[in-house]
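Welcome! Take a look at the sequence and the structure below, and keep them in view as you read.

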Amino acid sequence: MVHTHGWVRRKVKNSDKWVRRWLEVNKHVLYSYQSCPADMPSARVMNMLDLRKTRTIDVVDGEEGLFVIVPQSADDAHPGYLMKAESRESALAWVAGLNAARDREIEKSGVGAARRPERGCCSLCFGSKRAPERDPLVQY
């Protein structure tokens, strides 16, 4: 089983807080929402991350349900985005789904994993935006 959409908790930077987020993969982009766009069509995109420009997506050992998404950065010092799934099995499913989506899109686009982004460390976009037009969700 792999996940490409669903609820997780995301660690708030420089805080002990966790926030609930709906994650959804559409092609090569991981979108993060405060609410599920299927339930609330006016859901706003909180963050976007180009999966082709990630260094690693992996489970965190020793912590139940934790996984981390580490984007490429010029100095390879980005600490990554810490996520928490309901269980270790769910975290493993997220990691499998995100890595499969990334690998598939890298293969289709020809963007190499070793290639560095031209600006910044990632394609993360903070702010209030309308949800993008989405392809139908596909469970892999």
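## Where the helix ends

Let's begin at the end of a helix: right after H1 comes Gly110, which has a positive phi near 80°. Keep in mind as you explore that this is a predicted model.

Now step back along H1 itself. The helix covers residues 88-109. Does its length fit what is expected, and what do the numbers say? With 22 residues at 1.5 Å a residue, H1 should span 32 Å, and the distance between its end C-alpha atoms is 31 Å, which agrees.

## The buried side of H1

Which residues of H1 are buried? They are Ser90, Ala91, Ala93, Trp94, Val95, Gly97, Leu98, Asn99, Ala101, Arg102, Glu105 and Ile106. Try finding a few of them in the view, such as Trp94 and Leu98, which are both among these buried residues.

What do the buried residues of H1 pack against? Their partners are the strands S1 (5-11), S2, S3 (29-33), S5 and S6.

## The nonpolar cores

In soluble globular proteins, nonpolar side chains tend to be buried together. Here, the largest nonpolar core has 18 residues, and the members that touch the most others are Leu30, Leu51, Phe67, Ile69, Met83, Trp94 and Leu98. Two or more residues each come from strand S2 (18-26), strand S5 (54-59), strand S6 (66-71), S7 and H1. H1 gives the most to this core, with five residues.

Leu51 is a good place to zoom in. Leaving aside residues up to four places away in sequence, Leu51 touches Val25, His28, Leu30, Ile57, Leu98, Ala101 and Arg102. There is also a second, separate core of seven residues, and its members include Trp22, Val29, Tyr31 and Cys36.

## A closer look at Tyr81

Tyr81 is found in strand S7, which runs over residues 81-84. Is Tyr81 buried or exposed? Its relative accessible area is 11%, so Tyr81 is buried.

Two other residues help to place Tyr81. The side chain of Tyr81 makes a polar contact with the side chain of His78, at 3.3 Å. Phe67 is 14 residues away from Tyr81 along the chain, yet the C-alpha atoms of the two are separated by 8.4 Å.

## Salt bridges

Side chains of opposite charge can pair when their charged atoms come close. How many salt bridges does the structure hold? There are four. One of them joins Asp50 and Arg52, whose closest N and O atoms are 2.9 Å apart. Asp50 and Arg52 are both buried. Another salt bridge links the side chains of Arg102 and Asp103, at 3.6 Å from N to O. Arg102 has 12% relative accessibility, so Arg102 counts as buried, whereas Asp103, at 43%, is partly exposed.

A further salt bridge pairs Lys108 with Glu105, with 3.1 Å between the closest N and O atoms. Both residues lie in helix H1, three residues apart, or about one turn of the helix. An α-helix has 3.6 residues a turn, so residues three or four places apart point the same way. The two partners do differ in how open they are: Lys108 is exposed, with a relative accessible area of 60%, while Glu105 counts as buried at 10%.

## Two loop residues with positive phi

Most residues other than glycine have a negative phi. Asn14 is not a glycine, yet its phi is positive, near 55°. You will find Asn14 in the loop between S1 and S2. Its relative accessibility is 76%, so Asn14 counts as exposed.

Asp76 also has a positive phi, near 55°, in a residue other than glycine. Look for Asp76 in the loop between S6 and S7. Asp76 counts as partly exposed, at 33% relative accessibility.

## How far to trust the model

The mean pLDDT of the protein is 82, and 78% of its residues reach 70 or more. Over residues 113-131, pLDDT stays under 50, and the model has 42 contacts beyond four places in sequence for them. Residues 136-140 also have a pLDDT that stays under 50, with 10 such contacts.

Where pLDDT is low, the predicted coordinates should not be read in detail. When you reach residues 113-131 and residues 136-140, where pLDDT stays under 50, please read with care.

Definitions and conventions
Residues numbered from 1 in each chain as written. Heavy atoms only, no water. Buried < 20%, exposed > 50% of the residue type's maximum accessible area, 1.4 Å probe, protein only. Helix = DSSP H or I, 4+ residues; strand = E, 2+ residues; numbered from the N terminus. Polar contact = N/O pair within 3.5 Å; in protein donor to acceptor, adjacent residues only side chain to side chain. Core = buried A, V, L, I, M, F, W, Y, C linked by side-chain atoms within 4.5 Å. Contact = heavy atoms within 4.5 Å. Expected span 1.5 Å × (residues − 1). pLDDT = per-residue confidence, 0-100.
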